[in-house]
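Please open the structure in your viewer and keep the selection tool at hand. The stops below tell you what to select next and what you will find there.

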Amino acid sequence: MPELPEVEVVRAGLAPAVTGARIVAVDARDPRALTRHAGTPADFETRLTGRRIRATARRGKFLWLPLESERPGIPASLGGAPSSPEAIMVHLGMSGQMLLRTPDAPAERHERVRFAIEHPEHGELAVVFADQRTFGSLAIDPLVDTPDAAPGGSGDDAPLVPAQAAHIARDPLDPAFDDTRFRSRMSATASAVKRVLLDQTVVSGIGNIYADEALWAARVHPETPGRALSRRRVDRLLAEVRSVLVKALAEGGTSFDAQYVNVNGQAGYFAHSLSAYGRHGQPCPRCGRVLVRVAFANRSSHFCPRCQRVG
DNA sequence: CCCCGGTCCTGCGAGC
DNA sequence: TGCTCGCAGGACCGGG
């Protein structure tokens with residue numbers, strides 16, 4: 001559910017509170033939140049305590065907090081050897097939340113990890129990772145150079161990306177997104193176009209909701225083989241992908257239930273603007289035909305059988 | 001190599 | 001009214 005717009009809302013919400021803040025304490029109370037962390041929960045806690053957060057960054061649905069390279073207490077200017085760059089990697093999965101709370105705030109219902117931070121201007125805060133379905137995870141991950149030397153993602157100019165996200169394509173709102181590569185990947189596959197949109201190595205940030213919305217807007221049937229789309233149709237689809245992501249971002253993302261919320265626990269408004277997703281049985285906003293839902297790749301596709309045809 | 005489908009997890013709501 | 005079961009899906013992995 002958290003797709004690009006939702007993760008960007010979270011990143012932008014965290015940015016002013018965590019940029020420049022020092023991590024005072026870490027409580028990794030649920031090891032299931034650290035399944036992608038190479039060490040133990042205790043290792044996660046001790047390696048982060050005392051570190052300073054340099055920035056916030058996002059590529060697709062992956063969010064990370066780059067850390068200052070200086071080791072705690074030993075500035076590089078005083079001869080302290082800088083550690084190789086690393087970041088706190090965050091993936092919200094299906095139901096993960098990053099919440100900003102007061103230092104003494106009671107535990108959240110599905111709280112997994114809590115950071116106590118101290119910001120030079122805002123003072124003490126708690127950053128809480130809560131996650132009902134436990135598909136989300138945190139990790140300390142080394143940062144590696146981007147092959148194209150462009151910034152690793154939105155929010156940070158450094159040409160660095162977490163190793164765990166290095167294989168993920170840039171997202172369609174990234175200025176360094178490669179349209180040509182996207183077109184060639186699409187035209188080279190027999191896979192259904194929707195499967196390609198969901199493939200994070202082709203284009204990142206799109207999940208089931210925005211895939212269905214973009215396909216509806218572009219009048220493309222989700223099962224159309226990628227290679228059956230003309231260049232013109234691929235360009236139109238990519239333009240609609242960008243359009244729907246930008247609109248959703250402007251409305252704070254899509255919230256159906258209490259799962260997706262911003263850092264203050266508030267819902268987004270884009271659910272009211274959905275044209276196809278979750279609207280099966282209701283008329284197509286464009287032609288009036290009843291929208292349908294069909295099983296697709298262990299999830300569902302929602303589309304208009306009149307506006308969206310294979311081929 | 002390419003493509004597809006199974007798997008993890010928890011809470012909710014539809015339906016009996 | 002109370003229970004059970006199916007569904008929601010992001011990313012990864014293994015089989016065909």
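The tour goes from the sheet to the two DNA strands and ends at a pair of rings.

Before selecting anything, note that this is a predicted model, in which local features need pLDDT of at least 70, side-chain atom pairs count only at pLDDT 80 or more, and totals for chains, interfaces and linings use all residues. Residues are numbered from 1 along each chain as its sequence is written, chains are lettered from A and ligands numbered from 1 in the order in which they are written, and side-chain values use heavy atoms, with hydrogens and water left out.

**Stop 1: the sheet**

Select the open sheet of five strands, whose order is β2-β3-β4-β8-β9 with antiparallel pairing. Helices (H or I, at least four residues) and strands (E, at least two) are DSSP runs, numbered from the N terminus, and two strands pair if DSSP finds at least two bridges between them. At the edges are β2 (57-59) and β9 (160-162), each of which pairs on one side only. From one strand to the next, the twist averages 35°; axes here are lines fitted to C-alpha atoms, for helices over the stretch in contact, and angles run from 0 to 180 degrees between N-to-C directions.

Now follow the pairs of strands. β2 joins β3 (residues 62-66) over three antiparallel bridges, and the bridge partner of A57 in β3 is W64. β4 and β8 are antiparallel and share six bridges; in β8, S137 is the bridge partner of H91. β8 also pairs with β9, in the antiparallel sense and over three bridges, and there the partner of L143 is P162 in β9.

Next, add helix α2 (residues 41-48), which lies across β4 (86-91) and β8 (137-145) and runs at about 55° to β8. Contact in this setting means heavy atoms within 4.5 Å.

**Stop 2: DNA strand B**

Which residues are around DNA strand B? Select R32, H110, Q132, R133, T134, F135, T189, A190, S191, R195 and N298, where a residue is near a strand if one of its heavy atoms lies within 4 Å of it. Of the atoms of DNA strand B that come within 4 Å of the protein, sugar and phosphate account for 58%.

Zoom in on two side chains: a polar atom of Q132 lies 3.1 Å from a sugar or linking oxygen of DNA strand B, and a polar side-chain atom of T189 lies 3.1 Å from a phosphate oxygen of DNA strand B. At A190, a polar backbone atom is 3.3 Å from a phosphate oxygen of DNA strand B.

**Stop 3: DNA strand C**

Move on to DNA strand C, which 18 residues surround, the closest being R36, H91, F135, Y277 and R293. Here sugar and phosphate make up 65% of the atoms of DNA strand C that come within 4 Å of the protein. A polar side-chain atom of H91 lies 2.3 Å from a phosphate oxygen of DNA strand C, while for N208 the distance from such a side-chain atom to a phosphate oxygen of the strand is 3.0 Å. Select R299 as well, where a polar side-chain atom lies 2.9 Å from a base nitrogen of DNA strand C.

**Stop 4: a pair of rings**

Finally, select Y210 and F270, whose ring centres are 6.1 Å apart and whose planes are at 45°, so the pair is tilted. Rings of Phe, Tyr and Trp (its six-membered ring) pair if their centres lie within 6.5 Å; planes under 30 degrees apart count as stacked, over 60 as edge-to-face and the rest as tilted.

How values were computed
A polar contact is a pair of N or O atoms within 3.5 Å; within protein, one must be able to donate a hydrogen and the other to accept it, and residues adjacent in sequence count only if both atoms are side-chain atoms.
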